[in-house]
Amino acid sequence: MRTDTPIPSKHQGRLIHTLYGWYALTREQSDLGPFDTPEKASRALNGHIKVFKGLNSRLPGQPGRMHLHDAAQCSRTNCGLCVEARIVEQSLMVATS
Ligand SMILES: [Zn+2]
């Protein structure tokens, strides 16, 4: 990973890497991405947090959806976790066929 643009540690748990690129997970309806580098995802997340600060007074901290994501139940419009789940699903199908 390149280190020219340091990624804030509070972003570490919110950036995920998929086959299609990097996603920044948000607490809003849509995740950000895909981006080709984690730095870009981090920068987008920074901008996003600035926009939503004060508008969104839900519990601070982690979005709380980092585990066992169910893509079939997900209603988000651009979801990094769904992308990841779909890739895992496809690679499992490839592995068993
Ligand atoms: Zn999802």
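A polar contact, for this tour, is a pair of N or O atoms within 3.5 Å, and within protein one must be able to donate a hydrogen and the other to accept it. Keep that in mind for the second stop. One more thing before you start clicking: this is a predicted model.

**Stop 1: the sheet**

Select residues 15-18, 21-24 and 32-35 and show them as a cartoon; these are β1, β2 and β3. Together they make an open sheet of 3 strands in the order β1-β2-β3, with antiparallel pairing. β1 and β3 stand at the edges with a single partner strand each, so one side of each is left without a neighbour in the sheet. Look along the sheet and you'll see the twist: neighbouring strands are turned by 20 degrees against each other on average, direction ignored.

Now zoom in on the β1 and β2 side. These two strands form a hairpin with 2 residues between them, and they pair over 4 bridges. To see one of the bridges, pick H17 and then its partner W22 in β2. Slide across to the other pairing, where β2 and β3 are joined in the antiparallel sense over 2 bridges. Click A24 here, and you'll find its bridge partner, L32, in β3.

**Stop 2: D31**

Next, select D31, which sits in the loop between β2 and β3. Is D31 buried or exposed? Turn on a surface and look for it: D31 has a relative accessible area of 2%, so it counts as buried.

What does the side chain of D31 reach? Show the backbone nitrogen of G80, and you'll find the side chain of D31 at 2.9 Å from it. Then show the backbone nitrogen of T26: a polar atom of the D31 side chain lies 2.9 Å from that one.

**Stop 3: the helix across the sheet**

Bring up residues 38-52, which are helix α1. The helix lies across β1, β2 and β3, and runs at about 165 degrees to β3. Pick L45 in this helix. With 0% relative accessibility, L45 counts as buried.

Which residues does L45 touch, leaving aside its neighbours within four places in sequence? Light up H11, R14, L15, A24, L25, T26 and L32, and you have the set in contact with L45. You've met A24 and L32 already, as bridge partners in the sheet. For a distance to try in the viewer, go C-alpha to C-alpha from L45 to Y23: they are 22 residues apart in sequence and 9.3 Å apart in space.

**Stop 4: the zinc ion**

Finally, select the zinc ion and show the side chains around it. Its protein donors are H69 (NE2), C74 (SG), C79 (SG) and C82 (SG), lying 2.1 to 2.3 Å from the ion. Along the chain, these donors follow the spacing H-x4-C-x4-C-x2-C. H69 and C82 link distant parts of the chain: H69 is in the loop between α1 and α2 (80-96), while C82 is in helix α2, 13 residues apart.

What is the arrangement of the 4 donor atoms around the zinc ion? They subtend angles of 103 to 118 degrees, which makes it tetrahedral. For reference, the ideal angle for four tetrahedral donors is 109.5 degrees.

Before you leave, put the surface back on. H69 counts as partly exposed, at 26% relative accessibility, whereas C82, at 8%, counts as buried.

Definitions and conventions
Residues are numbered from 1 along each chain as its sequence is written. This is a predicted model: local features need pLDDT of at least 70, side-chain atom pairs count only at pLDDT 80 or more; totals for chains, interfaces and linings use all residues. Side-chain values use heavy atoms; hydrogens and water are left out. Two strands pair if DSSP finds at least two bridges between them. Axes are lines fitted to C-alpha atoms, for helices over the stretch in contact, and angles run from 0 to 180 degrees between N-to-C directions. Contact means heavy atoms within 4.5 Å. Buried means under 20% relative accessible area, exposed over 50%, partly exposed in between (1.4 Å probe, protein chains only). Donors are N, O and S atoms within 2.8 Å of the metal (3.2 Å for Na, K and Ca); water is not among the atoms, so sites may look incomplete. Four donors count as tetrahedral if all angles lie between 85 and 135 degrees; four count as square planar and six as octahedral if opposite donors are over 155 degrees apart and all others between 65 and 115; anything else is irregular.
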